[in-house]
Amino acid sequence: MTSGTTTDTAPAHAGAVSSPQTDQVFAAIDIGASSGRVMLGRVSPATGVSLETIHRFPNGVIELDGGLRWDFDALFAEVLKGLTAAAATARGNSERIVSIGIDTWAVDYGLVNDAGELTAQPYSYRDERSRAAVERVHAAVSPENLYAATGLQYLQFNTLYQLAAEPNLEGLQALLIPDLIAFLLTGERRAEATNASTTGLFDAVTGEWATEFLDALRLPRNVFPPLIQPGETVGTLLPEILDRTGLPADTKVVAVGSHDTASAVAAVPAADQDFAYISSGTWSLVGVELPRPVLNETSRKANFTNERGVDGTIRYLRNVGGLWLLSECQRAWAAEGHTQALTALLDSAAALPAGGPRINADDPRFTAPDNMPDRIRAAVRNTGAVLPDRPAAVVRCIMDSLAAGYARTLADAERLTGRSTSVVHIVGGGSQNRLLCRLTADATGKQVVAGPVEATALGNVLVQARAAGLVKGGLAELRALVAAGTELLRYEPAGALQSSRS
């Protein structure tokens, strides 16, 4: 996640805005694995789309009750604080918050009992508890059968493995993190489809829960609530939430692409369908957009995933290591008393010659928090190379490794889908990393278009605005509105950089 207030504007001729009601604003709750924000989004003919950061707060795993968990109580308190500030800001501007949309990371959930109480702080996907359940799951349902129905990339922390590790689910329901927040705001239990598709228990063809797998794994059929699609209304705010935040009584919670990558891909400023995307943040989600899933055995062996996007699209992608490696290195160096600004680190890394050592950036050994520089140097030694004990060398190794991983993944995506792409859109925090963007252009041999940084929040707001009738059309119209008002940086494979307003 990035810091500061980002304002993106688009002219009225973008053709996607149809209402003169400039007093309507939308609240976006956007939470990642390291930080969260509550933002206000404004959509009007005069201003296009703009985002204002109202409240920013940290997020991260904690060691609690023998495992790595999320401090969800603290997280929800920050959400309420942000909504309270958003309501005050809107009142001060004579604006009305029409609705609230929520997006977060995927896979993780909280268990809620019949009384609506959260039974414990949710486990983090970085906890190792699900590893022991993998073999038991695959004994009940083969990986081949799982993939043929769900199309989901194998990751040991996928929701189905986490649920299989639960000692007792009797009388409990699993609410994915954005659905849990929506439940606490509205009292309504729903599972938004884009995030549901990351559980490993969602049928990629029918768009429904894969009940045969729930039965095979002896999971309750109602372990998840009913599904809801982006753009549909979850419910209105509970009286106690209204009292706490000062929001208007008719404020709705609207389902958006609640998996943050789904919202980010909805806001990729692509001019046509001939594009690849990299949603670059803590993780890198690298892939293409398809009208239907690819569920064959070749795709499974390549470990590609078929996740739902906004408007029923398929995000055909693979998880690749992300900027988690860099942030963990910075944390380790700071603990040792060595602090250096990120821009200086990247400049020093960029000055190093090409051809240095690389690692497999999505190796599971890098998933859990620990001394990341030591683990990276150990991984390099395992390749027979040596990585100098200097931050710049470690950073350059990370950047080179990520770019190489992106190139391999995009080549695989093209091969598996039979599609060719001419441009790679990098959105999210990584779009600000010029070294990473330049190396990605060189590694892929394709033009890289960087931006917007706040793609996730933009996608969140635009789906809400379309649900309210302020935005017309499908994804092409939403993307045109983003592209028209975003300054995009273009990197050619040779490393040339151009700035343009598209």
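Contact here means heavy atoms within 4.5 Å. The model is predicted, so local features need pLDDT of at least 70, side-chain atom pairs count only at pLDDT 80 or more, and totals for chains, interfaces and linings use all residues. Residues are numbered from 1 along each chain as its sequence is written, and side-chain values use heavy atoms, without hydrogens and water.

Ile 29 touches Arg 37, Val 38, Val 79, Leu 83, Ile 100, Gly 101, Ile 102, Asp 103, Leu 185 and Asn 460, leaving aside residues up to four places away in sequence. Ile 29 also ranks among the residues with the most contacts inside the largest nonpolar core, which has 81 residues. Such a core is a set of buried Ala, Val, Leu, Ile, Met, Phe, Trp, Tyr and Cys residues joined through side-chain atoms within 4.5 Å. Buried means under 20% relative accessible area (1.4 Å probe, protein chains only). A second, separate core of 52 residues includes Trp 333 and Leu 345.

Leu 345 also lies in helix α12, where Leu 345, Leu 346, Ser 348, Ala 349 and Ala 350 meet Pro 391, Ala 392, Val 395, Arg 396 and Met 399 of α14. Helices are DSSP runs (H or I, at least four residues), numbered from the N terminus.

No disulfide was found: a search of the whole structure gives 0. The criterion is a pair of cysteine sulfur atoms within 2.5 Å. For Cys 329, the nearest cysteine sulfur, that of Cys 397, is 9.1 Å away. Cys 329 is buried, at 0% relative accessibility. For Cys 437, the nearest cysteine sulfur is again that of Cys 397, 18 Å away. Cys 437 is buried, with a relative accessible area of 0%.

Note on methods: Buried < 20%, exposed > 50% of the residue type's maximum accessible area, 1.4 Å probe, protein only. Helix = DSSP H or I, 4+ residues; strand = E, 2+ residues; numbered from the N terminus.
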